[in-house]
Amino acid sequence: MTSSNRQPIPAARPVIGEEEIEAAVRVLRSGRVVQGPEVAAFEESFGDLVDGRHCVAVNSGTSALHLLLLALGIGPGDEVIVPSFSFAASANAVRLVGADVVFADIEADSYCLDPAAVEAAITPRTAAIMPVHLYGHPAAMDKIMPIAAKHKLAVVEDACQAHAAALNGTPVGAFGSGGTFSFYPTKNMHSLEGGMISTADAEIARTLRLLRNQGMEQRYANEIVGANMRMTDVAAAVGRVQLAKLNGWTEQRIANAAYLTENITAPAVTTPTVAEGARHIYHQYTIRVSGDRDAAMAKLTEAGIGNAVYYPTPIHRLKPYWEPDQKAGRNWDLPETERAAAEVVSLPVHPSLTAEDLERIAAAVNDLGENL
């Protein structure tokens, strides 16, 4: 119990309700539990979220990134431009296909790839750009897509935190060569675990279906080398229930974020900004703290406010990337990435928050302004 003698407010609260449980039990009783009718129905329904693109369900968001890169033919000798301020899976997928990661800096306001930094990072070996729609804010696709077209590059959207985000009316996952989504339990919607790939290209979609299923559509008629990255029907059934609730949950997240932005006034804190034309769906509500961040987080925890840093160590400073880059003499100049990693703190914004919860969060953050 906190010093205020009230229950702590968790940073995230995954929803597994009776509808999700009933859907899972229904599939288990059916005996069709892997890559069956539930997966097909989930793919079709999810297509409505990405302007009717083909959708291919897989077992995780990381698998979605990995398989999309493979389907696009990206591999050894290629470079992919990736933000370092992201979860490691963004860069890991590039390494897994044998391509090289080139890190580019982010915009200070959106935390997403800076288009100018992207253009400066392009070399003759560049094959793709991977914008990450971080925290649920869409990357500057209106500027990134023309850069990609000019240089004839693929665009792999990492929308794993951005279900239903949009820019100028176009949903994320419907801009590039393909988009990827994660259904991990803490995401804005989940399938217990899983991922989805969206693409406008029917041939790429077919290749993705082969890749996720040992390279075959017909049993024992393997066409290419593939893997087992299928989604189960249990996961798809849960995902279908969650997808039906996504719009309401998203509107609640946006409303919760609006309350926090209006009521957080601490001078040591900068609240999130939203780019013109962007629909930010607030997978995370992320503030910047000037001063002692560790002390600020400790005070929030003492007040019963869940909080976390996404991400304290930029990818380029993680061991699998830092050590090879140092040996090769590569030093990335990413000032906005470094600054964000040192300042950001994410607060609860999930749709389970009550009006009292929101008041408590704002009050606890405002107390920081008096003490930092």
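Colleague: What does the secondary structure of the protein chain come to?

Modeller: Twelve helices and 13 strands. Keep in mind that this is a predicted model.

Colleague: What makes you say the radius of gyration of the protein chain agrees with a compact globule?

Modeller: For 372 residues, a compact globule would come out near 21 Å, and the protein chain has 21 Å, so the two agree. Along its principal axes, the C-alpha trace spans about 65 × 55 × 35 Å. As for burial, 55% of the 372 residues count as buried.

Colleague: How much does the protein chain expose, and what part of that do carbon and sulfur atoms supply?

Modeller: About 15600 Å² is exposed, with carbon and sulfur atoms supplying 50% of it. Contacts reach along the sequence, too: among those between residues at least 6 apart, 71% join residues at least 24 apart.

Colleague: Why is helix H3 called largely enclosed by the rest of the structure?

Modeller: Helix H3 covers residues 61–71, and nine of its eleven residues are buried, so the label fits. Among the buried ones are Gly61, His66, Leu67 and Ala71.

Colleague: What covers the buried residues of H3?

Modeller: The cover includes strands E1 (54–58), E5 (154–158), E8 (178–182) and E9 (195–199), along with H4 and helix H7 (202–212).

Colleague: How many disulfides does the structure hold?

Modeller: Zero.

Colleague: How do you know that Cys55 is too far from the closest cysteine sulfur for a bond?

Modeller: A disulfide needs two cysteine sulfur atoms within 2.5 Å. From the sulfur of Cys55 to the closest one, in Cys160, is 13 Å, so a bond is ruled out. For Cys112 the closest cysteine sulfur is also in Cys160, again 13 Å away and too far for a bond.

Colleague: Why do Cys55 and Cys112 count as buried?

Modeller: Buried means under 20% relative accessible area. Cys55 has 4%, so it counts, and Cys112 has 1%, so it counts as well.

Colleague: How many aromatic pairs are there?

Modeller: The count comes to 13. One of them joins Phe85 and Tyr135.

Colleague: What makes the pair of Phe85 and Tyr135 edge-to-face?

Modeller: Ring centres have to lie within 6.5 Å, with over 60 degrees between the planes. Phe85 and Tyr135 have 6.3 Å and 85 degrees, which fits edge-to-face. Phe85 sits in the loop between strand E2 (79–83) and helix H4 (89–96), and Tyr135 in the loop between strand E4 (126–129) and helix H6 (141–151), so the pair ties together parts 50 residues apart in sequence. Both residues, Phe85 and Tyr135, are buried.

Colleague: Why is the pair of Tyr310 and Tyr311 called edge-to-face?

Modeller: Their ring centres are 5.8 Å apart and their planes are at 75 degrees, so edge-to-face it is. Tyr310 is partly exposed at 26% relative accessible area, whereas Tyr311, at 13%, is buried. Both tyrosines belong to one aromatic cluster with Phe85, Phe87, Tyr111 and Tyr135.

Colleague: Which residues touch the most other members of the largest nonpolar core?

Modeller: Phe85, Tyr285, Leu347 and Val365, out of 55 residues. Helix H12 (residues 355–371) gives the most to this core, with six residues. Leaving out residues up to four places away in sequence, Val365 touches Ile264, Ala266, Val269, Ile287, Leu300 and Leu347. A second, separate core has 32 residues, including Phe103, Ala154, Leu211 and Ile315.

Note on methods. Residues are numbered from 1 along each chain as its sequence is written. This is a predicted model: local features need pLDDT of at least 70, side-chain atom pairs count only at pLDDT 80 or more; totals for chains, interfaces and linings use all residues. Side-chain values use heavy atoms; hydrogens and water are left out. Buried means under 20% relative accessible area, exposed over 50%, partly exposed in between (1.4 Å probe, protein chains only). Rings of Phe, Tyr and Trp (its six-membered ring) pair if their centres lie within 6.5 Å; planes under 30 degrees apart count as stacked, over 60 as edge-to-face and the rest as tilted. Helices (H or I, at least four residues) and strands (E, at least two) are DSSP runs, numbered from the N terminus. A nonpolar core is a set of buried Ala, Val, Leu, Ile, Met, Phe, Trp, Tyr and Cys residues joined through side-chain atoms within 4.5 Å. Contact means heavy atoms within 4.5 Å. The radius of gyration is taken over C-alpha atoms; the globule rule is 2.2 Å times the number of residues to the power 0.38. Accessible areas come from the Shrake-Rupley method with a 1.4 Å probe; for residues, only the protein chains shown count as cover.
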